[in-house]
Amino acid sequence: MDGPARVFRTRAFSKLAKKASLNDDALCTAVRQAMRGQAVDLGGGVYKKRLNENRHRAIILAKGGRLWIYIYLFAKQDRDNIDDNELTTFRELAKAYESLTAPQIDRLLQDNDIMEICNGERN
């Protein structure tokens with residue numbers, strides 16, 4: 001891994017997080033826990049992390065460990081887990097995110113498709 005890990009949330013995740021009252025500080029803390037192995041590794045760069053006092057589950061993509069991207073959020077009361085088709089899609093997305101270049105990441109940020117919430121240098 002070259003340089004510190006960077007952590008992002010997608011636009012869709014941001015909307016769900018706002019409804020669930022999850023702020024960036026809580027997400028940064030949770031991703032640091034995931035980096036230490038305190039998350040369920042679903043394989044292929046896909047992790048499931050409990051949030052909000054175990055009321056919600058986040059799907060985080062982190063293939064290669066350079067970029068950690070919050071992509072999906074669901075309430076535990078609404079569903080138990082993601083299904084196999086969703087897992088396959090998330091694994092494909094993790095692989096795609098892993099291959100992003102710095103200019104491509106900058107473009108996603110510029111277009112507000114992703115928002116950077118913390119990285120190894122700050123936060």
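In this predicted model, helix 3 is the element that contributes the most to the lining of the largest cavity, with three residues. Helix 3 spans residues 84-98, and strand 5 joins it as an element giving two or more residues to that lining. The full lining consists of Leu 61, Ala 62, Lys 63, Leu 67, Ile 69, Ala 94, Tyr 97 and Glu 98. By class, six of these residues are nonpolar, none is polar and two are charged. The space inside the largest cavity amounts to about 30 Å³, and the structure holds one cavity of 30 Å³ or more.

The packing of nonpolar residues is described next. The largest nonpolar core comprises 21 residues, and Leu 51, Trp 68, Tyr 70 and Leu 73 have the most contacts inside it. The elements below each supply at least two residues of this core.

| Element | Residue range |
|---|---|
| Helix 1 | 11-19 |
| Helix 2 | 24-35 |
| Strand 3 | 46-51 |
| Strand 4 | 56-61 |
| Strand 5 | 67-75 |
| Strand 6 | 114-119 |

Helix 2 gives the most to the largest core, with five residues. Another core, of 17 residues, lies apart from the largest one and includes Ile 69, Ile 71, Ala 94 and Ile 114. Ile 69 and Ala 94 also appear in the cavity lining.

Leaving aside residues up to four places away in sequence, Trp 68 touches Ala 5, Arg 6, Val 7, Phe 8, Val 31, Ala 34, Met 35, Tyr 47, Ile 60, Leu 61 and Ala 62. Among these partners, Leu 61 and Ala 62 are lining residues of the largest cavity. In soluble globular proteins, nonpolar side chains tend to be buried together.

Note on methods. Residues numbered from 1 in each chain as written. Predicted model: local features only at pLDDT ≥ 70, side-chain atom pairs only at ≥ 80, totals over all residues. Heavy atoms only, no water. Core = buried A, V, L, I, M, F, W, Y, C linked by side-chain atoms within 4.5 Å. Buried < 20%, exposed > 50% of the residue type's maximum accessible area, 1.4 Å probe, protein only. Helix = DSSP H or I, 4+ residues; strand = E, 2+ residues; numbered from the N terminus. Contact = heavy atoms within 4.5 Å. 1 Å grid on protein atoms, 1.4 Å probe; cavity = no way out; pocket = protein on both sides within 12 Å on 5 of 7 lines; lining within 4 Å. Points joined across faces, edges and corners; volume = space filled by probe spheres on them. Nonpolar A, V, L, I, M, F, W, Y, C, P; charged D, E, K, R; others polar.
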